[in-house]
Amino acid sequence: MDIIFGRNKKEQLEPVRAKVTGKIPAWLQGTLLRNGPGMHTIGETRYNHWFDGLALLHSFTIRDGEVYYRSRYLRSDTYNANIEANRIVVSEFGTMAYPDPCKNIFSKAFSYLSHTLPDFTDNCLINIMKCGEDFFATTETNYIRKINPQTLETLEKVDYHKYVAVNLATSHPHYDADGNVLNMGTSIMDKGKTRYVMFKIPATVPEGKKKAGSPLKHTEVFCSITSRSLLSPSYYHSFGITENYIVFLEQPFKLDILKMLTAYFRGVNWASCLTFHREDKTYIHIVDQRTRKPVPIKFYTDPMVVFHHVNAYEEDGCLLFDVIAYEDSSLYQLFYLANLNQDFEEKARLTSIPTLKRFAVPLQVDKNADVGSNLIKVASTTARALKEKDDQVYCRPEVLYEGLELPRINYAHNGRQYRYVFAAEVQWSPIPTKILKYDMLTKASLKWGEEHCWPAEPLFVPMPGAKDEDDGIILSAIVSTDPQKPPFLLILDAKTFTELARASVDVEMHLDLHGLFIPDTDWDARKQVPSREEQGRASDGPVAPQT
């Protein structure tokens with residue numbers, strides 16, 4: 001496990017040509033851009049949690065059957081401050097940073113005060129977001145960082161809070177047909193209330209507005225939901241969307257604000273302020289995008305923790321949504337670096353398996369329906385919604401598949417009825433060892449796996465003119481723990497799950513989290529091709545990385 005989690009990874013600033021075996025489809029032209037933690041030790045200090053590591057961007061540029069790899073640390077304010085000090089000086093969610101012990105008592109007191117209402121990190125290590133013509137590295141705080149998707153250079157820092165009153169935001173936005181970004185964030189104790197805020201960033205500056213400036217300046221709040229608790233809002237990593245509705249789960253995995261405000265004084269990290277309340281319910285909020293108001297029906301289900309929504313769609317007066325659900329919060333605990341040791345594979349066990357579950361909620365409820373009656377009449381699912389007293393509806397899911405995470409779909413079917421989920425197989429250990437394709441219709445699955453290989457999130461890329469939902473390829477960056485097998489980009493036929501090609505690179509590659517594929521059609525393709533000078537350097541093998 002030390003190869004994957006324990007070592008700082010070196011940058012590969014100049015593009016290195018990969019060794020391609022097999023044949024890459026001629027139509028596959030573009031860049032796979034990924035994000036994840038790459039550095040966990042700075043000087044003599046070390047982060048506590050794997051999710052705290054400094055963001056390392058990496059990319060695979062695919063053109064004319066060749067693949068070029070490069071990587072670069074995100075030059076966030078957090079990165080720069082830590083590197084300059086040669087120690088961790090900016091707090092992350094699982095690691096609280098403290099003042100230099102040499103500082104005098106007045107400096108220490110000021111530092112304590114400044115941490116009471118924390119200015120969160122801009123270490124944007126989770127995902128990549130497209131906003132108009134721009135690309136941003138994202139995390140779950142109010143900061144995002146604009147990046148150059150070709151060179152991976154870090155550009156300006158953006159504070160969501162300047163445009164919408166949120167202190168936290170998800171790293172899994174949605175995109176509508178016009179390219180507008182839809183996202184959610186939490187506004188903590190703003191004007192006496194804690195709210196879940198849904199907002200839209202236009203793809204372009206609206207007509208009639210000043211042409212200069214970013215679409216971010218025209219961010220619009222279209223709905224907010226008041227938290228059931230002022231001081232204990234729900235943690236959430238993603239949400240669901242259909243053509244007309246938004247699905248938000250207010251789950252009993254809660255952030256204690258009072259504990260967070262005093263964490264610095266008490267010598268604990270912010271993650272310790274997150275608690276799973278197994279005695280509570282999970283509340284299902286449905287927001288009508290047309291009225292911009294929540295549906296008044298009170299839906300709930302059993303306590304669970306959901307990091308990833310898979311998809312959602314409407315069918316015959318019902319809304320169906322699919323999520324990867326846990327029965328507790330053990331996943332986060334297992335990624336503390338103290339647990340990621342040589343005995344990890346044998347000893348690290350989740351106490352609940354990530355499970356693909358389908359929920360169904362009626363968009364209209366017959367007031368005359370009997371208490372205890374099932375309100376779901378859709379034949380395609382066994383999920384139930386049972387009417388209870390006080391106009392509440394208890395939702396019982398259909399269990400579809402046990403043991404998968406990091407789900408992706410053909411995004412053309414986002415918010416619509418769909419058939420296939422592409423994911424990483426995860427059983428009792430939280431680290432994936434296989435990639436799978438799950439068929440919602442037949443309940444069958446296909447898998448790819450190889451000894452000593454650890455796959456990242458599988459990303460679907462549709463082929464031009466695709467007719468079937470699974471006409472396309474799967475891309476996954478594979479990290480190897482076999483010293484004789486370098487890491488590689490895996491290219492699978494999405495329909496058959498057979499390997500088409502792999503592009504091996506003799507570099508130190510990190511296990512990443514999320515990302516996206518940028519087709520050449522999304523920008524000037526010529527900008528993607530390494531210059532002749534770069535190609536000459538790349539053909540000689542890896543360039544000595546700079547750190």
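**Cores, a helix and a sheet in a predicted model**

Reader: Which residues does L28 touch, not counting residues up to four places away in sequence?

Author: The model is a predicted one. In it, once residues up to four places away in sequence are set aside, the contacts of L28 are I62, V461, I473, L475, I491 and F517.

Reader: Which helix gives the most to the largest nonpolar core?

Author: In soluble globular proteins, nonpolar side chains tend to be buried together. Here the largest nonpolar core holds 53 residues, and F5, L28 and L475 touch the most other members. With 5 residues, the helix that gives the most to this core is α4 (residues 257-266). Another core, of 43 residues, lies apart from it, and its members include I297, L320, I324 and V361. The helix asked for is α4.

Reader: Why do the buried residues of α2 lie on the same side of the helix?

Author: In helix α2 (residues 77-85), the buried residues are T78, Y79 and N82. They lie on the same side of α2 because the arc they cover around the axis is only 100 degrees. Their cover includes β3 (30-39), β4 (41-42), β6 (54-63) and β7 (66-73). The reason is thus the arc of only 100 degrees.

Reader: Which strands stand at the edges of the open sheet of 4 strands?

Author: The order of the open sheet is β8-β9-β10-β11, with antiparallel pairing. Two of its strands have a single partner strand each, so one side of each is left without a neighbour in the sheet. These edge strands are β8 (127-131) and β11 (154-159).

Reader: What is the bridge partner of R145 in β11?

Author: Strand β10 (residues 143-147) and β11 run antiparallel and are joined by 4 bridges. In β11, R145 has as its bridge partner K157.

Terms used:
Residues are numbered from 1 along each chain as its sequence is written. This is a predicted model: local features need pLDDT of at least 70, side-chain atom pairs count only at pLDDT 80 or more; totals for chains, interfaces and linings use all residues. Side-chain values use heavy atoms; hydrogens and water are left out. Buried means under 20% relative accessible area, exposed over 50%, partly exposed in between (1.4 Å probe, protein chains only). The arc is that of the directions from the helix axis to the C-beta atoms. Contact means heavy atoms within 4.5 Å. Two strands pair if DSSP finds at least two bridges between them. A nonpolar core is a set of buried Ala, Val, Leu, Ile, Met, Phe, Trp, Tyr and Cys residues joined through side-chain atoms within 4.5 Å.
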